[in-house]
Amino acid sequence: MRTLAQTITAMRDSLVEGRRPEAKPEELPCFSAQALEGNPYITPASLESVLDSLGPEDIPTLEAALEKLAAGELAWLGFKLVTDPLLAVDSEDTEVVGIIGEGAGSADALPGIFVATEKKEIRFSRQYSKRDEFQMLDITRGPHMHAEQYKGVAWLSLPLKQTGVVYIFGAGEVSHFLERMARDCDFETVVIDHDEEYLNAERLPLSHRVLVESYEELPDLGIGADDYVLVLTRGHMYDPEVITYGIKAGAHYVGMMGTAVKNEKVFEMAIERGITFEQLEETHTPIGLKFGAKTPAELALCIVAELIQVRSNRRKA
């Protein structure tokens with residue numbers, strides 16, 4: 001499957017050559033069946049209406065998306081979708097929203113693509129209304145933040161900066177809950193375990209799953225400086241191996257679950273494997289924000305909350 005950069009490049013090249021661009025929903029994941037599950041207005045087929053609408057005037061938008069990707073700037077590729085052409089242009093703003101100077105809806109009833117940035121910059125090939133501008137900038141808060149606020153128009157988005165992959169070591173109960181919460185918060189997840197009784201599509205349907213023979217000799221998973229390593233091995237049996245692996249891999253975030261007494265012992269064993277105490281102090285141990293979590297679902301929630309906080313701090317930096 002093509003990367004996002006390859007997909008956008010191919011779309012641009014098609015327009016340059018006078019051809020209709022092609023893209024699959026899985027290449028633009030906000031259109032995937034998984035992402036749109038339960039959405040009554042948008043389906044993976046909605047992508048076709050966007051692709052049909054594109055022309056030479058959209059080339060600069062796609063080029064802007066590629067520039068943001070290459071620069072690592074925090075930006076989003078957005079999609080305007082029209083679910084009802086009449087309502088799209090005629091629906092009025094609510095008094096609560098109060099978009100000043102614009103009483104009507106979207107500038108037109110056409111789908112399209114645009115780029116929006118954290119700095120409130122917009123690149124779009126057509127004129128847009130004040131209400132369109134409000135919603136195009138709103139996608140920087142999430143692809144469905146105000147999707148139902150106005151009738152006739154919906155908005156989807158994809159981040160153009162890689163925000164890191166969450167590598168979950170251990171397919172236990174906390175991981176079962178954590179997977180869905182992390183995916184709902186736009187983290188890509190990979191789960192690693194040595195037992196397929198736990199690591200299977202029934203328990204962990206949303207993640208890429210890696211079955212390993214042993215935690216003693218983990219393969220190169222491609223973990224880098226943007227990624228997150230969660231040390232959640234079942235029974236904490238392999239925590240020393242995984243925390244050592246995560247630190248040596250250079251992950252931006254390494255977090256380990258467990259009591260202070262257990263974690264102290266794990267630290268000792270990691271030091272025996274060549275990790276320094278200073279490196280261990282930089283890990284998030286114990287993992288997660290502290291708000292009295294006890295159950296597996298609550299523990300998963302406190303972990304994802306910390307991932308969001310760390311991601312937000314990186315974006316601000």
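Buried means under 20% relative accessible area, exposed over 50%, and partly exposed in between (1.4 Å probe, protein chains only). The model is predicted: local features need pLDDT of at least 70, side-chain atom pairs count only at pLDDT 80 or more, and totals for chains, interfaces and linings use all residues. Numbering starts from 1 along each chain as its sequence is written, and side-chain values use heavy atoms, leaving out hydrogens and water.

**View 1. Strand β4 and its partner β1.**
Of the 7 residues in β4, 6 are buried, so the strand is mostly covered. Helices (H or I, at least four residues) and strands (E, at least two) are DSSP runs, numbered from the N terminus. β1 and β4 pair in the antiparallel sense, over 7 bridges; pairing requires at least two DSSP bridges between two strands. Phe-79 sits opposite Leu-156 of β4.

**View 2. Two nonpolar cores.**
A nonpolar core is a set of buried Ala, Val, Leu, Ile, Met, Phe, Trp, Tyr and Cys residues joined through side-chain atoms within 4.5 Å. The largest has 27 residues. Leu-28, Phe-31, Phe-79 and Leu-156 have the most contacts inside this core. At least two of its residues come from each of α1 (4-16), α2 (46-53), α3 (59-71), β1 (75-82), β2 (112-117) and β4 (153-159). Another core, of 25 residues, lies apart from it. Val-165, Tyr-167, Val-229 and Ala-270 are among the residues of this second core.

**View 3. The open sheet of 5 strands.**
Strand order is β7-β6-β5-β8-β9, with parallel pairing. β7 (208-211) and β9 (253-256) are the edge strands, each pairing on one side only. On average, neighbouring strands are turned by 15° against each other, direction ignored. Inside the sheet, β5 (residues 165-169) runs parallel to β6 (residues 188-193), joined by 5 bridges. Phe-169 has Ile-192 of β6 as its bridge partner. Helix α6 (residues 173-184) packs on the sheet and touches β5, β6 and β8 (228-231). The direction of α6 makes about 160° with that of β6. Axes here are lines fitted to C-alpha atoms, for helices over the stretch in contact, and angles run from 0 to 180 degrees between N-to-C directions.

**View 4. Strands β8 and β9 around Val-229.**
β8 and β9 run parallel, joined by 4 bridges. Val-231 stands opposite Met-256 in β9. Val-229 belongs to β8 and counts as buried because its relative accessibility is 0%. Val-254 is 25 residues away in sequence, yet the two C-alpha atoms are 4.7 Å apart. Contact means heavy atoms within 4.5 Å. Beyond four places in sequence, Val-229 touches residues including Tyr-167, Phe-169, Ile-223, Val-242 and Tyr-253. β9 is covered on both faces: Tyr-253 and Gly-255 are buried on one side, Val-254 and Met-256 on the other.

**View 5. Ser-207 in the loop between β6 and β7.**
Ser-207 lies in this loop. Its relative accessibility is 8%, so Ser-207 counts as buried. The Ser-207 side chain makes polar contacts with the side chains of Glu-179 (2.8 Å) and Thr-189 (2.6 Å). A polar contact is a pair of N or O atoms within 3.5 Å; within protein, one must be able to donate a hydrogen and the other to accept it, and residues adjacent in sequence count only if both atoms are side-chain atoms. Outside four places in sequence, Ser-207 is also in contact with Arg-183 and Val-191.

**View 6. Confidence along the chain.**
The protein chain averages a pLDDT of 88, and 91% of the residues score at least 70; pLDDT is the predictor's confidence in each residue, from 0 to 100. Among the elements, helix α4 (residues 85-90) has the lowest mean, 85, and β8 the highest, 98.
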